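Me: I am new to this structure and would like a close look at a single part of it. Please take me carefully through one disulfide and then through the others that can be described beside it.

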Amino acid sequence: MRSQAPLRACGALLDYKTVKFALTRNRRVGLLHRLLQLGVLGYVLGWVLLARKGYQDTDRAPRAAVVTKMKGAAVAEAVGKGRRLWDAADYARPPQGENVLFLVTNFIATAQQSQGTCPESPSVLDAVCTEDADCPVGNPVVHGNGIKTGKCVMFNTTHSTCEIYGWCPVENNTVPRKPLLAEAENFTLFIKNTVHFTKFNFSKCNALQTNDPTYFKSCTYDPFFNRSCPVFRVRDMVEAAGETFGDLALLGGSIGVRIEWDCDLDHPAAQCQPQYSFSLQDRRYNFRTASYYWDSQRRLYRNLLKLYGIRFDISVHGQAGKFSIIPAAVSFGTGIAFFGAATVVCDLVLLYLDAKADFYWKEKFEEVRMGPLWRDEVGVKFCKRF
């Protein structure tokens, strides 16, 4: 008898199970089934197909090119330095930029510096002294402008500082109370951006393709009425970032310009238009630059400028989509699978959670007997062969 047990177990492996459909008049489970089906239908139609456009193939890595040009002129008058006209060659760094552009809005000028010895500024803590011993020879001044000569000298009637060897007189550090280039708020920034989606061999430019040479000299960007003119006024960009031009221009800052492309190539190409957004990235932005010249005695001089301004960081992002049979088939297949999952959930409720779970279990699963002796004999013979 024991020798026949493994053979009978092997024969049981040959049992076949087929689906049996049972109509269950349970209103709660029926309602749950319909709600699940409606949820799946809403998800597939509303989210997968309409919102996410699951029937499209997408390209989320466009190649982008950016060209920027700043336009405008302003007159700045620094204390003791006179009036000076600033144009694009002066206040835009670089004059014709790409993804990054710096606009000068304020500056501190230190004119006619030459290399020699002079007192360090009392605003530098490492330079304050009372005797020569406080100024070791050859030591650089920490956060200062030169090398200590070993002497403690009078800077003015109230302060004594270490004498240094460097560019003299030392840099002026008095910040103007108002931006010297306040007129820069009315300057305009032209941002030309071209994107290319290699998967679909599709290119688009954010600027209107026109033969009128005066168009971009007279238009200004408007998100509703003039989206094809990427000429932005500086004040509008700063305000869109949540700041006021006067506050940001005094000590400088950084503004991010984000260009977002979302192109549906199943529609006409004219509907593919970028969206622009502006955000404040940082406050207080400045750097130094100098111009050098020789006097008649062949002595080297320089004019030092500490420039404050607004840095524009331009980034381009985007995606393009177009109908493709493969993602469409995958999306519809996923929807059909979810419909099947709704049936599985209702079966689990009936068979395990309902008060009449035992009754439903007996009705759903039925064993059709073809005679135990015949089944055992067929199974034993099959197993003996292997």
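Reply: Cys118 and Cys168 form a disulfide, with 2.1 Å between their sulfur atoms; a disulfide here is a pair of cysteine sulfur atoms within 2.5 Å. This pair links distant parts of the chain, since Cys118 sits in strand E6 (residues 100-119) and Cys168 in strand E8 (residues 160-168), 50 residues apart, where strands are DSSP runs of at least two residues and helices (H or I) runs of at least four, numbered from the N terminus. The torsion about the S-S bond is about -80°, so the disulfide of Cys118 and Cys168 is left-handed. Both cysteines are buried, that is, under 20% relative accessible area, with exposed meaning over 50% and partly exposed in between (1.4 Å probe, protein chains only).

The model is predicted, and local features need pLDDT of at least 70, side-chain atom pairs count only at pLDDT 80 or more, and totals for chains, interfaces and linings use all residues. Residues are numbered from 1 along each chain as its sequence is written, and side-chain values use heavy atoms, leaving out hydrogens and water.

By the same distance rule, the count comes to five disulfides. One of them joins Cys135 to Cys162, S to S 1.9 Å, and is left-handed, with -85° about the S-S bond. Cys135 lies in the loop between E6 and strand E7 (146-154) and Cys162 in strand E8, so this pair ties together parts that are 27 residues apart in sequence. Cys135 is buried at 1% relative accessibility, and Cys162 is buried at 0%.

Cys219 and Cys229 also form a disulfide, their sulfur atoms 1.8 Å apart, and the torsion of about 75° makes this link right-handed.
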